[in-house]
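Dear colleague,

I am passing on to you the structure shown below, together with an account of what was found in it. Please keep the structure open while you read.

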Amino acid sequence: MDVSDLIDPLNPAQREAVTAPLGHALVLAGAGSGKTRVLTHRAAWLVRVEGATPWNLLAVTFTNKAAAEMRGRIEQLLGLSGSGMWVGTFHGLSHRLLRLHWQEAGLPQGFQILDSEDQRRLVKRVMRDLEVDENRWPVRQLQGFINARKDAGERPEDLDTGDPYSGQMARVYTAYESACRSAGVVDFAELMLRTVEMLQNHLELLGHYRRRFRHVLVDEFQDTNGIQYEWLKLLAGPESDVFIVGDDDQSIYGWRGARVENLQRFREDYSNTRVLRLEQNYRSTSTILEAANTLIARNSDRLGKKLWTEGEQGEPIALYAAFNEQDEARFVVERLMAMVEEYGLARRDIAILYRSNAQSRTFEEALLARRIPYRVYGGLRFFERAEIKDALAYLRLIANRDDSAALERIINTPTRGIGNRTLEAIRLAARDQDVSLWAAARGLVENRGVLPARAANSLRAFLELIDGLAAESADLDLADRLETVLERSGLRGHVGKDRSERAQDKLENLDELITAARSFEQDATIEEGMDTLTAFLAHAALEAGEGQAGAWEDCVQLMTLHSAKGLEFPVVFLAGLEEGLFPHRMSVEEPGRLEEERRLAYVGITRARQRLLITYAERRRLHGRDEFGIASRFIRELPPGLIDEVRARFSVTGPDAAGGGLGDGVIPEAEFNLGERVQHSRFGEGVVLDCEGSGPNARIQVNFDEVGAKWLVAAYANLERA
DNA sequence: GTGATGAACCAACCT
DNA sequence: GGTTCATCAC
């Protein structure tokens, strides 16, 4: 069998990993070392050389994007459809198992998935029912608590309820579980935990999957949490080989329960694990790599890995100290424009990375002003938009009348005369009789005189609307069904009722939803045991979709450091490297969290292939107030020799130098900071506002006290410090 | 019961 | 700076 196409593109270390004998393997793969390539080639190797069938393979990742890429690449290598191969995210695969075995899992057949927002609303509802003071017990905190417990594999009965604090938390957790049960919904963490419990309690199922999945492959292992680790240990039986890939230096999800120790634990739990290291970097210049290595070397408890490259030294890392965040954005945009215009770089090859989503705004404004196409990743995603979730809530209710979370969302959207009083009466009845809101509402409508006539009529109309929609759209395909729902419910009219731009956007989103439904029905492979509607709703919850719909253009890419993991760009701007912002002020106290911030910086630096430009702002408007920033410690932790400070202080050179070439030596005559007070012989005193260019041709803008703002050619202006 | 207005809160982000 | 939520006038 000719496997040269599998082996030839690999370097010796990669080859060793791909062709390792059967058995457990842990591949410690540094940034840009060809991690995904090793994983996909290993999968193909197992099928083509070791005689496995795709049916024997289970490949797990964290994001849908990574899963889709992995599947595509394996199928390409195998030259046949990888049908029968299970490739997906932890949550996606768990969902699949639960759909197939809903009875064993103790779930209703049509169970639905709650996203984080749905979950928060439900926790809030439960807390109100329990009369828990939301000021003392913030909803988000309880939500976080519940998820953390589930991620650790703990149910309410596993908790220590000795003190009042724990008792209260456990009480909410218990009530939340019961609300989920009666509504037939599961949250993300529940997908994992429920699957684990199902396999533990049904040994025949466990045996079946263990016999089937002889080869388990896991990507980004450093991001696994407790329950995901349990999940893997269950599904990979004693006869299975587990091949995991990870990088402890890129563990950046500790704050949501990821346990980097799982890498070590794996070595202990799986005896005879072959440990392999991929340390040759193919991505970055040696300058960029050395900077990354120096930075990350400060962290303690690393598994130890030193990346090296045969690549060129490349250009130094540029550092720009901006006056404020507008100046920072101006610098970034001017630089990237120059790269596009002068070097013919594609816009999509340039990324602007930042610590938090809120920072994107200034860059968007600067790009917009210069009419440069850009694309922001992250932020509110398509299926998370309010109007989309409203539409989906109708579908959820049609699929399952007991979905009380969906009912609460839309019972009065659009407004139909069912206000808080009526809803409160429904809740009360539901609690009393221990039934869903739907059942309680039906009871109230049927018993004359319980509700005021007007409220009863409105409520009856609502119940009939939903039943009617369900009945008359049952035979329609998904897109037509949605169309019917949008029209008959009045949601479309409600959403587009004013003629604002926002309302137009929302209408377009609803149209886009119909398009999404149509293409889902045509293209998606619907899993066994699921009707199309349920499958579409699960798809919406599990894959929230990109933030921006529309055609792929050649766009500058904006995203947070977290979402940049796994990607690479020829040019990277790393913005906002200030103490308090990055590292985030919440993280500097605890050494562990600071190290995670440093890993995040490491991830950012190693995204760059050719050029890395770092910026920070000396002043920044944060939470509505002006704050002074100093350069991030991460800048100071880079080797100074690799950094070229662009214009922390810009130099103004005298007229003599104007005619001479660079070789003649440009003599800086003065340096000014933006914001500094200067003196001009004719215009008097003023403040430096801006500067364009550098050297003899630099122009400088000064806001003079007497005559206002003026642009001056710095070389001839003879400015002096005031 | 509805819709507008202002205070309070929040801010990493994938499933 | 934006969004959500409570409050208030109608």
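To begin with DNA strand B: of its atoms within 4 Å of the protein, 56% belong to sugar or phosphate, and the rest belong to bases. Please bear in mind throughout that this is a predicted model.

**The DNA strands**

There are 29 residues around DNA strand B, and those that come nearest are Asn64, Arg355, Asn357, Thr560 and His623. For Asn357, a polar side-chain atom lies 2.7 Å from a phosphate oxygen of this strand. Asn412 likewise has a polar side-chain atom 2.9 Å from a phosphate oxygen of DNA strand B. At His91 the partner is a base: an N or O atom in the side chain of His91 is 3.4 Å from a base oxygen of DNA strand B.

Three helices each supply at least two residues of the surface near DNA strand B, namely H19 (420-433), H26 (561-564) and H27 (591-605). Of the elements that build this surface, H19 gives the most, with three residues.

Around DNA strand C, the residues are Lys124, Arg128 and Arg361. A polar side-chain atom of Arg128 is found 2.7 Å from a phosphate oxygen of that strand.

**The domains and the nonpolar cores**

Chain A is assigned five stretches of domain: domain 1 (4-102 + 193-280), domain 2 (112-183), domain 3 (317-381 + 546-646), domain 4 (384-536) and domain 5 (649-721). Between the C-alpha centres of domain 1 and domain 4 the distance is 40 Å.

The largest nonpolar core holds 63 residues, and within it Leu58 and Trp231 touch the most other members. Helix H9 (residues 164-183) provides the largest share of this core, with eight residues. Where does this core lie with respect to domain 1 and domain 2? Both domain 1 (4-102 + 193-280) and domain 2 (112-183) give residues to the core, so it lies between them.

Leaving aside residues up to four places away in sequence, Trp231 touches Leu58, Val60, Phe90, Leu93, Ser94, Met192, Thr195 and Val196. There is also a second, separate core of 52 residues, which includes Tyr394, Val445, Leu491 and Ala517. As general background, nonpolar side chains tend to be buried together in soluble globular proteins.

**A group of parallel strands**

Strand E1 (residues 25-29) is largely enclosed by the rest of the structure, because five of its five residues are buried. Its two faces are both covered: Ala25, Val27 and Ala29 are buried on one side, and Leu26 and Leu28 are buried on the other.

E1 runs parallel to strand E8 (residues 274-278), to which five bridges join it. Here Val27 has Leu276 as its bridge partner. E1 also runs parallel to strand E7 (residues 241-246), with four bridges between the two. In E7, the partner of Val27 is Val245.

The pairing continues from E7 to E6, since these two strands run parallel and are joined by four bridges. In this pair, Leu217 stands opposite Phe243 of E7. E6 (residues 215-218) directs His215 and Leu217 one way and Val216 and Val218 the other way, and all are buried. Strand E2 (residues 57-61) pairs with E6 in the parallel sense over four bridges. There, Ala59 stands opposite Leu217.

**A strand with two unlike faces**

Which side chains of strand E20 (residues 677-680) are buried, and which are not? Val678 and His680 point to one face and are buried, whereas Arg677 and Gln679 point to the other and are not. E20 runs antiparallel to strand E24 (residues 720-721), and two bridges join them. Gln679 stands opposite Glu720 in E24.

**Two individual residues**

Arg48 is located in helix H3 (residues 35-48). This residue has a relative accessible area of 17% and is buried. Its side chain makes a polar contact with the side chain of Asp5, at 3.1 Å.

Glu553 belongs to the loop between helix H25 (532-542) and strand E12 (556-560). With 45% relative accessibility, Glu553 counts as partly exposed. Glu553 and Arg348 are 205 residues apart in sequence, and their C-alpha atoms are 8.3 Å apart in space.

Yours sincerely,
A colleague

How values were computed
Residues numbered from 1 in each chain as written. Chains lettered and ligands numbered in written order. Predicted model: local features only at pLDDT ≥ 70, side-chain atom pairs only at ≥ 80, totals over all residues. Heavy atoms only, no water. Near = heavy atom within 4 Å. Polar contact = N/O pair within 3.5 Å; in protein donor to acceptor, adjacent residues only side chain to side chain. Buried < 20%, exposed > 50% of the residue type's maximum accessible area, 1.4 Å probe, protein only. Pairing = 2+ DSSP bridges. Domains from an automatic or database assignment. Core = buried A, V, L, I, M, F, W, Y, C linked by side-chain atoms within 4.5 Å. Contact = heavy atoms within 4.5 Å.
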